[in-house]
Amino acid sequence: MKPCSRHFVILLLILNSIVLQGQVKTLGVPNIKNYKKTEYQGGTQNWNIIQDQERNIYFANNQGLLQFDGVSWNKYVLPNNGSIRAIDLDTETGRIYVGSYNKFGYFKTNNTGDLEFTNLSDLIKDVNKLEFGHIWKIHNTDSEIIFQSFKGAFIYNKNSEVLTYLEAPNQFQFSFNIDGLIYLQDAKLGLQLYENGRLKSLTNTQLFNDMEIWGMFKMPNNNLIISTLKNGAFIYDFNQVKPWNSEANTFLKANNCLGGTAYNSESIVLNTVLNGMIIVNFKGEILQHINLKNGLQNNTILSSFIDSEKNIWLGLDNGISYIYENSPLSYFGMSYNISTVYASVIYNDNLYIATNQGVFYHPWNTNFNEEENFDLVEGTSAQSWNIQIIGNQLVCSNNRGALIIEGNAVTKTLDAKGYYGFKQIPNQHDYYIGANYGGFALFQKSDNGLQFINQIPGFNKESTNFELSDTYLWVNKDEVVYQLKLSANHEHIDTQRVISELTPEIKGIHSIQKINDTIYFQNKNHFYSYNKLQDTFIKNEQLSQVFEKKPLINYLKEDIEGNLWYNYNESLGVLKKIGANQFQDITAPFSNLTNNLVSNYISINTLDQNNVFIGLTDGLAHFDFDFQKDYEVKPIINFRSFSYGDQTIHFGNPNSESQSLDLPYKWNDIKILYAASIFENRENVLYSYKLINYDSDWSDWSPQTMKEYTNLREGTYDMRIKAKNSYGILSNEASLSFTIAPPWYRNILAYLGYLVLFLLTIYLISQNVKMKIRKNKYYETIEQRKIYLEKESKIIKQQHRLEKEIETLKNEKLQTRILTKDKQLVNNSLQIAKKNKLLNGIVSKLKAIDEARLDDHTKQQLGKLKRSVVKEINNDSSWRELEKHIKNVHFDFLKRLKEKHPNISPRELDLSTYLLLNMSTKEIAEVMNISTGGVELARYRLRKKLNLQRKESLTGYLMKI
């Protein structure tokens, strides 16, 4: 290799190491994400933080070990539910060592992929050493794990797995690992160096005996910065201890230091009890100060950690905070008393910003880390659209008018109309056009400053998108351009033309912008300029090609460095000028600003390469082009768990081993969780998946981190996942294979069984056919016999039916005869009744003869005659025979009637029988020897006893019985 090439490679390596170390911005506050205990479901205090090789973050929490993979939180508790104060990771074994109260050990991935605790304090043999209190520090060296408490330190040999004890000479405070060397503070002997199982006192460190050392950091010159809780920080050169005379030390003394961590080779993070955290360089200069006021949720920082992306995690006394430190963007937001920003400018060593609440300012050359808000410029408390330097004056375009600002107040109102902004007329530097709520106005710059001339008549449409050429005022509104020709003195409009198309094919004009003193008209990323001589629009191929493959833009602006800033889909990008007509496209850093820009009013103020201000809906962003960050780092994506039935297999933990996933068919419903360990802008992380042998294509990108499949068929599947971070960088694909066994009725044994069953079925069918052939004749004989018997049975049944019909006919004939006899008997009875009536009449006439006139013989003969007639009447038994006959014949009827109506009398039974015989009223009267009226009365009483309705037939009712 040539020397120059070798030197170039070395330079690249040095630059790369600087990039990897991370940088610290001194303006504004980085983006901060706070996690509350309700989100991570743990205790309030977080004492220590580490990260594993899969980029998972772990926290020593009051309720156990917290794990965060960028998507979900997991909590692992100790057997005694103790608080964890110290953690450390052994990357070779994947063990996460933890220390608690009277307990220490490690979590390690088990055979289901979950973290499982092993208690190393069970190795303590001496019962007097079991009560050692909290383990405060854990150090992982080449061969040992050191668990340090106040009473002593337990030394665990990783090779022999033997536990030994190092007793504190008096009492340990805390310990620190600096480049593999372990330093411990003893309460009376100062700092001790641990070497080969022994302690060695460091020279002149007894100064710290009355102090609590919480932090120790190595300086570039190998000296140590030692920070104490209440006494500030000191410099130790291994010979003497000196106070660290610096801005940082003054801050630490006032706010109590709780240690910290090295951020890079040039700066350290220091935690405090009272005032958040600071990042300082080794000169003691405070580069950044972050506290409750500017974004943290708590001012007491118990622990800090720098992750693999050079961003900062803070374990708080109440909660967890993530600081997106490694970013070229920082922010001035609500903590600085700033709302929506529309414009910014540096004027007379003040940074002025125009907001929806007015114009605010802050001294530019002072330290923005001081707890000072932006102050409101008096007289501007209204919507402020713009703020510009015109001549030597600061002009504000405000809802109240065009205002002149000096220092912290408005000194003059040029015009009371509301204004959007001002632009200079080319080649006439003393004249400016101001866009206001009623159109446009003319202003002139003089020795007395900017003066209002007049409102330009002839055009009253308001617009913020306008440009000026030598001859025309171009106004863009509602996708058309108004070409306004100003008079020679610019005081009125001579002509006006409305342009709605650039060419017959290009309809509509989306924006106008001036680049390199040329006005361009843009439609769908095609740029045209106006040719005055030809009165036509000519396409600029070079600029159009630059934006040809970019999303459709709606805003383009050239800054003072020649960079082209463009707005698309609520996002921002810049074409950084790197040479003549050469640009570098930069979009990744601005992905954080998506949906936070002021729509249709993009504000970009470039002061220089290191200071670019961008207006936001909730403040002001600061961007540094020289900030180095590798945006091409691929995210790491892991499967987190695989669930089927009642089983769950975990992945992504340290040293997770591959699992054999062979599932029975009954568990063919699965759930897969996955996550990319991305903490920057994780709300914008997207995922895609594909199940080989099931999905035909990759899924659409979405923030979903869980996928379920149901009723999968048997077979081998391969689940593929990938992630895309907010910069659009894709991860490598992660793959997980699993096999679903076929159901019992579709496995090999089942198919063999089906074959045997088929052959057996064929055999049985053939045997059955033969048996049927043999039995057919028998069945034919049986069938014929059956037919014969059925015919015989039918004949017998027909014969029996005929006999029954004959019997029925006989019964009917007999019944008819009985009825006939009854009728004859009734007729005879009636004749007898008539005879008796006649005899009674004769008796009555005989009694009427006057016997006095008769002789004795005649009297005697007459008496014999009377007695003979009376005897004939009295001895007549026809009535009794009639009643007896009727009762015998109609015995069943009378029985049913008596059962149905128990209270019916014998006389009424007789009447019912006569009615059943269909005898007339006269006949019944004669038989019963009563009048016809008596019969009607008896009929009425019988109906009443039988509970018959008025319209019911008495005879019909009796016949139904």
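Is I765 buried, exposed or partly exposed? In this predicted model, I765 counts as partly exposed, because its relative accessibility is 47% and the range between buried and exposed runs from 20% to 50%. The points below begin with the surface around I765 and then turn to the aromatic rings, of which the structure holds 73 pairs.

**Nonpolar surface patch**
- I765 is found in helix 5, which covers residues 748–847.
- Together with L755, F758, L759, I762, V769 and I773, I765 forms a nonpolar patch on the surface, and these residues share about 670 Å² of accessible area.

**Aromatic pairs**
- Among the 73 aromatic pairs is that of Y40 and W73, whose ring centres are 5.6 Å apart and whose planes meet at 50°, so the pair is tilted.
- Because Y40 lies in helix 2 (residues 37–40) and W73 in strand 5 (residues 73–76), this pair ties together parts that are 33 residues apart in sequence.
- Both partners are buried, Y40 with a relative accessible area of 1% and W73 at 15% relative accessibility.
- Another tilted aromatic pair is formed by Y347 and Y352, with 6.3 Å from centre to centre and 55° between the planes, and Y347 and Y352 are both buried.
- Y40 and W73 also belong to a cluster linked by ring pairs, which includes Y35, F59, F68, W313, Y322 and F679 as well.

**Charges over rings**
- K310 places its charged end over the ring of Y263, at 5.4 Å from the ring centre.
- K722 likewise has its charged end over the ring of W698, at 4.2 Å from the centre of that ring.

Note on methods: Residues are numbered from 1 along each chain as its sequence is written. This is a predicted model: local features need pLDDT of at least 70, side-chain atom pairs count only at pLDDT 80 or more; totals for chains, interfaces and linings use all residues. Side-chain values use heavy atoms; hydrogens and water are left out. Patches are made of residues with over 30% relative accessible area and no salt bridge: like charges are joined within 9 Å, nonpolar side chains (Val, Leu, Ile, Met, Phe, Trp, Tyr) within 5 Å. Accessible areas come from the Shrake-Rupley method with a 1.4 Å probe; for residues, only the protein chains shown count as cover. A salt bridge is a side-chain nitrogen of Lys or Arg within 4 Å of a carboxyl oxygen of Asp or Glu. Helices (H or I, at least four residues) and strands (E, at least two) are DSSP runs, numbered from the N terminus. Buried means under 20% relative accessible area, exposed over 50%, partly exposed in between (1.4 Å probe, protein chains only). Rings of Phe, Tyr and Trp (its six-membered ring) pair if their centres lie within 6.5 Å; planes under 30 degrees apart count as stacked, over 60 as edge-to-face and the rest as tilted. A charge sits over a ring if NZ of Lys or CZ of Arg is within 6 Å of the ring centre and within 35 degrees of the ring normal.
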